[in-house]
Amino acid sequence: MEDWRGLPPLPLVTNGGFDAGTTGWTLSNGAQLTQAVVGGRLQLTATVATGNQSYQVISGLTVGASYQLTGTAKKLSANLTSARVAVYDTAPAIVNLGNAAISGTLNVEVTGSVTFVAPADGEVTIAMPLVGPTAIGLLAEFDNISLVKL
């Protein structure tokens with residue numbers, strides 16, 4: 001959607017294409033999770049089964065307005081249960097606004113989008129959580145993460 005001058009909207013996600021490495025993205029379990037940009041994509045590698053995600057908090061959204069999250073996910077290890085791009089309400093509790101959002105498939109790049117309404121505090125968390133039944137070798141990659149107001 002264009003603004004009143006006919007220009008495309010400014011990106012709401014910082015470094016969603018990972019052109020600036022991992023700038024703008026935070027690890028939730030840094031001792032058990034690594035992130036690196038490989039071939040222009042963010043690769044996450046985890047050594048524990050849960051609590052692993054790279055995330056970014058987005059604030060200043062227009063309360064009640066519709067937004068669209070778009071991204072690409074790809075599972076690179078068979079023991080990875082879930083590799084996804086999701087959007088959560090950051091207050092008062094974590095609520096998955098994106099209803100599982102964009103889920104990756106083993107060795108297949110999946111691009112998708114999810115639409116949601118901005119919560120009452122105008123703040124959401126864009127996250128890429130990794131979940132698996134074991135603690136060894138959880139690996140996935142992500143790219144082209146964007147958020148636009150509709």
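Q: At 70% relative accessibility, does Gly39 count as buried or exposed?

A: The classes rest on relative accessible area: buried means under 20%, exposed over 50%, and partly exposed in between, with a 1.4 Å probe and protein chains only. Gly39 has 70% relative accessibility and therefore counts as exposed. Its place is in the loop between S2 and S3. The C-alpha atoms of Gly39 and Phe18 are 9.8 Å apart, with these positions 21 residues apart along the chain.

Q: What kind of model is this, and what limits apply to reading it?

A: This is a predicted model, in which local features need pLDDT of at least 70 and side-chain atom pairs count only at pLDDT 80 or more, while totals for chains, interfaces and linings use all residues. Residues are numbered from 1 along each chain as its sequence is written, and side-chain values use heavy atoms, with hydrogens and water left out.

Q: How many helices and strands are there in the protein?

A: Both kinds of element are DSSP runs numbered from the N terminus: helices are H or I with at least four residues, strands are E with at least two. The protein has zero helices and eleven strands. Read from the N terminus, the order of elements is β-β-β-β-β-β-β-β-β-β-β.

Q: In what order do the five strands of the open sheet stand?

A: Two strands pair if DSSP finds at least two bridges between them. The order in this open sheet is S2-S3-S11-S5-S9, and the pairing is antiparallel. Strand S2 (33-38) and strand S9 (110-117) are at the edges with a single partner strand each, so one side of each has no neighbour in the sheet. From one strand to the next the twist averages 30 degrees, where axes are lines fitted to C-alpha atoms (for helices over the stretch in contact) and angles run from 0 to 180 degrees between N-to-C directions.

Q: Which residues are the bridge partners of Ala73 in S11 and in S9?

A: In a regular strand the side chains alternate between the two faces of the sheet. Strand S5 (residues 66-75) runs antiparallel to strand S11 (residues 138-149), and eight bridges join them. Eight bridges also join S5 to S9, again antiparallel. Ala73 has Phe142 as its bridge partner in S11 and Val110 as its bridge partner in S9. For Tyr67, the bridge partner in S11 is Lys149.

Q: How many salt bridges does the count come to?

A: Side chains of opposite charge can pair when their charged atoms come close. The rule here asks for a side-chain nitrogen of Lys or Arg within 4 Å of a carboxyl oxygen of Asp or Glu. The count comes to two. In one of them, Glu109 pairs with Arg41, the closest N and O atoms being 2.9 Å apart. Glu109 is in the loop between strand S8 (102-103) and S9, and Arg41 is in strand S3 (residues 41-46), so this pair ties together parts 68 residues apart in sequence.

Q: What is the distance between the closest N and O atoms of Arg41 and Glu141?

A: For this salt bridge the closest N and O atoms are 3.8 Å apart. Arg41 belongs to strand S3 and Glu141 to strand S11, so the pair ties together parts 100 residues apart in sequence. Through shared partners, the salt bridges join Arg41, Glu109 and Glu141 into one network. Glu109 counts as partly exposed at 38% relative accessibility, and Arg41 counts as partly exposed at 27%. Glu141, at 9% relative accessibility, counts as buried.

Q: How many aromatic pairs are counted?

A: A pair of aromatic rings is described by the distance of the centres and the angle of the planes. Rings of Phe, Tyr and Trp (its six-membered ring) pair if their centres lie within 6.5 Å; planes under 30 degrees apart count as stacked, over 60 as edge-to-face and the rest as tilted. There are two aromatic pairs by this rule. Phe18 and Trp25 are tilted, at 5.6 Å centre to centre and 40 degrees between the planes. Phe18 and Trp25 are buried. Tyr67 and Phe116 are stacked, at 6.0 Å centre to centre and 25 degrees between the planes. That pair links distant parts of the chain, since Tyr67 is in strand S5 and Phe116 in strand S9, 49 residues apart. Both Tyr67 and Phe116 are buried.
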